[in-house]
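User: I'd like a close look at one part of this model, please. Walk me through the contact in question, then set it beside the other sites you have.

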Amino acid sequence: MPQRKSWVYYNDRLSRYLFISSAVLVSLIILCIIWFVGMQGLSTFREVSIIEFFTSSKWSPDSGKFGALTFIAGSIGTTLIAILLGGPLGLAGAVFLAEIAPPWVRAFMRPATDLFAGIPSVVYGYVGITVIVGLTGRLTNSPTGYGMLAAGIVLAIMILPTVISLSEDALRSLPRTYKEASLALGATRWQTIRRVLVPAASPGILTAIILAMARAIGETMAVQMVIGNSPRFPDSLGSPTSTLTSNIVMEMGNTPFGSTWNNGLFMMAFILLVIALIMIILVRTASRKGAAR
Amino acid sequence: MDKIVVNKLDLFYGDQQALNNIGIAMKERSVTALIGPSGCGKSTFLRTLNRMQDLIPSVKITGQVKIDGQDIYATGTDVVLLRKKVGMVFQNPNPFPKSVFENVAYGPRIHGETDKKKLSEIVETSLKDAALWNEVKDRLHESALGLSGGQQQRLCIARLLAVGPEILLMDEPTSALDPISTMKIEELISELKDKYTIIIVTHNMHQASRVSDRTAFFLSGDLIEEDVTSVLFTRPAKKKTEDYISGRFG
Amino acid sequence: MDKIVVNKLDLFYGDQQALNNIGIAMKERSVTALIGPSGCGKSTFLRTLNRMQDLIPSVKITGQVKIDGQDIYATGTDVVLLRKKVGMVFQNPNPFPKSVFENVAYGPRIHGETDKKKLSEIVETSLKDAALWNEVKDRLHESALGLSGGQQQRLCIARLLAVGPEILLMDEPTSALDPISTMKIEELISELKDKYTIIIVTHNMHQASRVSDRTAFFLSGDLIEEDVTSVLFTRPAKKKTEDYISGRFG
Amino acid sequence: APTTTTPAPSATSIDKKTISAAGSTALQPLVKLAADEFMAKNSGVQVNLSGGGSMTGLNNVASGSIEIGNSDVVSPEELKSAGLVDHQVCVAPFLLIVNKDVKVDNLTKAQAADIFTGKITNWKDVGGQDLKISIIGRAASSGTRLNVEKIVMDGKKMTDAAAAQDSTGNLLTGVAQTAGAIGYIDAAYLKDTVKALKFDGVAYSPETVISGQYPIYSYEHMYTKGEPTGTVKAFLDYVMSAEFQDKNVEKTGFIPVSKMKK
Amino acid sequence: MKAHQADRFATIMLWIGALSIVAILIAFLTLILGRGLPHLTSEFFNGPDGVRGQLFNSFYILFLSLVLSLPVGLGAGIYMAEYAPKNKFTDLIRLSTESLASVPSIVFGLFGMIVFVNMFGLGFTILGGSATLALLNLPILVRVTEESLRAVPRSYREASLALGATMWQTLRKVILPTALPGLITGITLVAGRALGETAILIFTAGMNVSRIPFDVNPLAAGETLAVHLFAVKSNPLPGTNADQIADGTAALLIIMVIVFNICLTLPSRWLQRRQLGKNKM
Ligand SMILES: Nc1ncnc2c1ncn2[C@@H]1O[C@H](COP(=O)(O)OP(=O)(O)OP(=O)(O)O)[C@@H](O)[C@H]1O
Ligand SMILES: Nc1ncnc2c1ncn2[C@@H]1O[C@H](COP(=O)(O)OP(=O)(O)OP(=O)(O)O)[C@@H](O)[C@H]1O
Ligand SMILES: [Mg+2]
Ligand SMILES: [Mg+2]
Ligand SMILES: O=P([O-])([O-])[O-]
């Protein structure tokens, strides 16, 4: 039946072309977005010096001052706080789920942590301004409580599901034999976790942490509600400052498209993209190192 | 002297019985082989001897397992200490993703040894005892995962010897290996039996006859027969044993 | 008549040569066993015969593999048809996560059979040929993953027979199985050789001598020796073969 | 015969089935009311609305992708060439608000300016208790902030130390829960969780704005590209109609343009 | 013994860590549901300020965005997992896909506004919002698809190809069915994120709803629940019950996410169980 045969081949070829064109389409779209943001952003430097943009913290566009250092520092600072708080907690949760939790606890807790990911960021921000800033205000002895600490706490909660689920997967995908070998040598459970399991899963855990950082640095709505949004280098963790994302969302809607001010905001978006790219490359190297072992 | 005495041992996975009224005794400094078809309970039995089976939630165990006269299932037993004394080698070599040195030093370290020099000594002796020293002495700090399968298995044995066990449990330690590596492990077992009590699970009846003093034949959870190896293979007392042995060579 | 003729076959993984100038011929309706230590290239060689090795990106192949006189590496070869003709059974049983029936019907379906009655017939005959029918006829529509390892392996053979191959490649088909299942598969191979040309990779020299007409010994990418099985095992021509064989029994 | 007073929009002037308006978030609730009622009166017409900020509206109306751009500010130079036509639809007064604990009820223009530039940082300097002043304002690009800077601070810039929120709602929450906080909002959004201050001794009310005593206010704009026609004109006419201005504009806290003197 | 004490201490700490995670979640849920649930009356949905339209739009926009992004995302994911040769080009695609997943959504929003709202002249409509949201979904979908296909054991692929199946047959009959539970989980994730998205939709889908109930016209205005929540929180006109609406909307959003998770994970568990067979595992 040569007729039918040719159909089988035709389908195979057709599907392959469809898949390839999807991949090409996706990459075209992605390149378009990157190109659009990049071109728009880079045109800032027709009127602003690169050095000023990256080294000055004076952001006052209507008097011609375009220093974005505060925002870059704010983004990095809040992300670090988020990782310092959310990373260990999430990792503890992952270790707990993978090694300690009785099955019924896990059956309930795993989907529950996934729920964190489903809560809209506006809701996080809302809890942030009604509950968390009060707390950080008292902690840092600042009147408003807006600032990097508040944003860091909100982000720490938001990255929990990423850290937990990816690290738990990494721990779970370890061969059972590691654990058995260690226990059979007379190691306690904690020794096994600390000396064998976590080190063996470290590439996966690192991936989790870096992806969580990428998530944190890109978060907008929730951060914007609790960071205080003052374009100023903060004196403390509890004084208002800004991040790249919060400043973009604060000013984007009220600046004319194509103005230097507006372009500067696109440049900030482009910086975010570049930071994300660097982090992904870090993830890649981390996981490649893991695979090579 | 009997090192291990097992008495009326029953084991259930949930409702399903996997070991049925097992009774057996093993002498110090002897090699006992466990044979039987797949699923008959060899691994399960082996793993009750160092309480690794405790890790499976649904398992229920009744009966007695005495090691040096002490019931290891009595309340108050220190499982961690027990496992230090009753070491285990697995079917597939399972070195940690660490260096050769760190693999062997792992056991002493978790048992509190911190002195660098002592650790080095222990690592060297253990590797020598496991007949691996010459092959790895120049690559102690390379990853253990770069070793061949047979080397990895001997590394696991060295890692075990380093914690100073008295009993070695081996669950099909050569089934994943090529013939040459298998030979080396078998030789090693023959050397080790001067110092340790060894129990080995194997699919390979040749192997059982080559390495063991006594052999126990399991069939669907029952211990059918246990005797001096040469006797069991040539003049088995039970019909089932004979069927199995001849079927294998049929 | 020679069904398969291999000539000057070289295979590289990237820069590393894994097969070195292999030349061998296999008769129709015969069983050829491939033996050799781990990593010597048995699987690699087997997989060049149905071009499964093509799926690995870094592989480069030169030389000739003729099946029924046609070079399967010639341009224009229909790989899909080739694989239909040259079937393969893997080391670990790999049924699809579908029912027993659907597993066996898979091949005929993708090759265009849609008639329900014909499919049922094919499934029944194939399962009978694979000596599995009696064990599964009442659970045709349950998941194949519920079968035991040995049953799964016979199911994979049945699944293969259903597409009507002429050559069966078997890569250590019993290494994951217990002795009783192994015996059943070996019996099956003896029955199948009346209809098919079979090539089997095995670690177990007993098995090779039990099932094969001819045996080929590989060592680090070279085909050292190939002869009638009883001759190769008792009076090998090459020193290396002898070493290997005696090492095994040593 | 056509008159200069706004006629009730007649069905005959409807051409497009769908028109869009976007821009100022402050003005949006009012436009939404207008749209709802306009749609109720003209079945078959859909008015699509969005926020996004004043410049979002101006950018989009200038490029022609929407019909109406809502703005708190006068269109900037950059967009003049697009031929935007201004429709002042109402007056938005602004209020200075403080946390309820603050024991000050009135600020002079000079005091307010000093607070917002950061010169005065404690309530005791303006007659209140010893309490640090926390400014919670709006973003640098916000129309509300621009107007406060223009009218209260004579064009001086707000201090960097001020915290900012991007919306009136969040700002109100902030002022309500921060001791010693001061902020500024559109009068329309005043809530009893905060306290409104008198400015130069004048309390805000529509009447004080209309009479010219209360100076902090600005016009809200709806821009079209070129003179409006058809549905767009009908909609804008409805917004300007006495019916809508009297009933809804006042109800929502804005002030009808027609009421203003000058 | 020291090791024993350390073990016990660590176990307690890990339990505390886990409990605090659960406690944070419960705090969130009780706070939001506690404030919001009482407002979820029929008036809340159907009244003059009711959110019926927003609720409908949330799902309609989600649905359209999936219709737009699923085929392409799946296709690209399949290509990356099954066909793509390992080279610089595919590395580049993978790299850009992954980095895009962490770009703030407002940037997508602006891109969508300029391309769909302005250039294509869609205005602030359901279609413009869905198309932009589809851009946000794409990278996640590609990634999820690629990952769940890679999780399918190689042996299935080999078995099928060795029987003389073409790649397409292998995909359709073996790989995709096996990967389905993973794909469903991935789509749940995408859907959860899309349901909660605001920044994108403010700039593309608009902030009011069609006056026709359940208007399927893709050119109607497309305010969703999340945007509605944002809007009433941002500019709460006194005299309206803005606070109650906000609280109720937040609660409704969370309930939607929970229901969505349950609706999608239950069938995928069932599928998994069916595939693994009744007897074993
Ligand atoms: N974790 C478990 N849960 C339930 N049943 C189990 C479990 N582990 C093993 N079994 C069952 O217990 C029986 C004995 O299994 P065991 O692994 O001890 O066999 P074995 O003799 O070691 O077989 P093999 O030679 O294949 O390793 C089998 O029927 C097996 O299916
Ligand atoms: N995909 C691959 N890429 C690179 N090298 C490979 C690959 N597969 C196999 N090799 C190498 O080719 C050689 C032959 O491997 P092959 O799997 O054919 O051995 P084998 O004889 O089947 O061994 P075994 O008995 O362990 O299955 C080995 O050195 C192996 O490391
Ligand atoms: Mg076993
Ligand atoms: Mg092989
Ligand atoms: O209404 P605003 O321009 O202040 O956002």
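How many salt bridges does the rule find across the interface of chain E and chain A?

Analyst: The rule finds 0 salt bridges across the interface of chain E and chain A, a salt bridge being a side-chain nitrogen of Lys or Arg within 4 Å of a carboxyl oxygen of Asp or Glu. Keep in mind that this is a predicted model, where local features need pLDDT of at least 70, side-chain atom pairs count only at pLDDT 80 or more, and totals for chains, interfaces and linings use all residues. Residues are numbered from 1 along each chain as its sequence is written, chains are lettered from A and ligands numbered from 1 in the order in which they are written, and side-chain values use heavy atoms, with hydrogens and water left out.

So what does the E/A contact have? Chain E brings 70 residues and chain A brings 70 residues (contact: heavy atoms within 4.5 Å). About 6,300 Å² is buried between them, with carbon and sulfur atoms giving 83% of that (buried area: the accessible area, with a 1.4 Å probe, that two parts lose on being put together, summed over both). E:Leu14, E:Ile21 and E:Phe28 supply 11% of what chain E buries against chain A, more than any other three residues. Polar contacts do turn up, in 5 residue pairs with both at pLDDT 80 or more (N or O atoms within 3.5 Å; within protein, one able to donate a hydrogen and the other to accept it, with sequence neighbours counting only if both atoms are side-chain atoms).

On the chain E side, helix 1 (residues 2-36) gives the most, with 19 residues (helices are DSSP runs of H or I, at least four residues, numbered from the N terminus). By class, that side has 47 nonpolar, 15 polar and 8 charged residues (nonpolar: Ala, Val, Leu, Ile, Met, Phe, Trp, Tyr, Cys and Pro; charged: Asp, Glu, Lys and Arg; polar: the others, Gly among them).

Now for chain A and chain D. Here 25 residues of chain A touch 29 residues of chain D, burying about 2,200 Å², of which carbon and sulfur atoms give 52%. The salt bridge count is 2, including A:Lys58 with D:Asp160, whose closest N and O atoms are 3.9 Å apart. There are also 11 residue pairs in polar contact, both at pLDDT 80 or more. Helix 5 (121-140), helix 10 (221-226) and helix 11 (244-251) of chain A each supply at least two residues of the side that touches chain D, and the largest share, 3 residues, comes from helix 5. That side of chain A has 11 nonpolar, 10 polar and 4 charged residues.

Chain D also holds ligand 5, with D:Thr25, D:Ser54 and D:Gly143 among its surrounding residues (heavy atoms within 4 Å). Polar side-chain atoms sit 2.5 Å from a ligand oxygen for D:Asp72, 2.7 Å for D:Arg138 and 2.7 Å for D:Thr144. The protein covers 97% of the 200 Å² of accessible area that ligand 5 has on its own (Shrake-Rupley method, 1.4 Å probe).

Finally, ligand 1 has chain B residues around it, including B:Ala18, B:Lys42 and B:His203. A side-chain N or O atom of B:Thr44 is 2.4 Å from a ligand oxygen, and the protein covers 63% of the 630 Å² of accessible area that ligand 1 has on its own. Helix 1 (residues 42-48) of chain B gives the most to this shell, with 3 residues.
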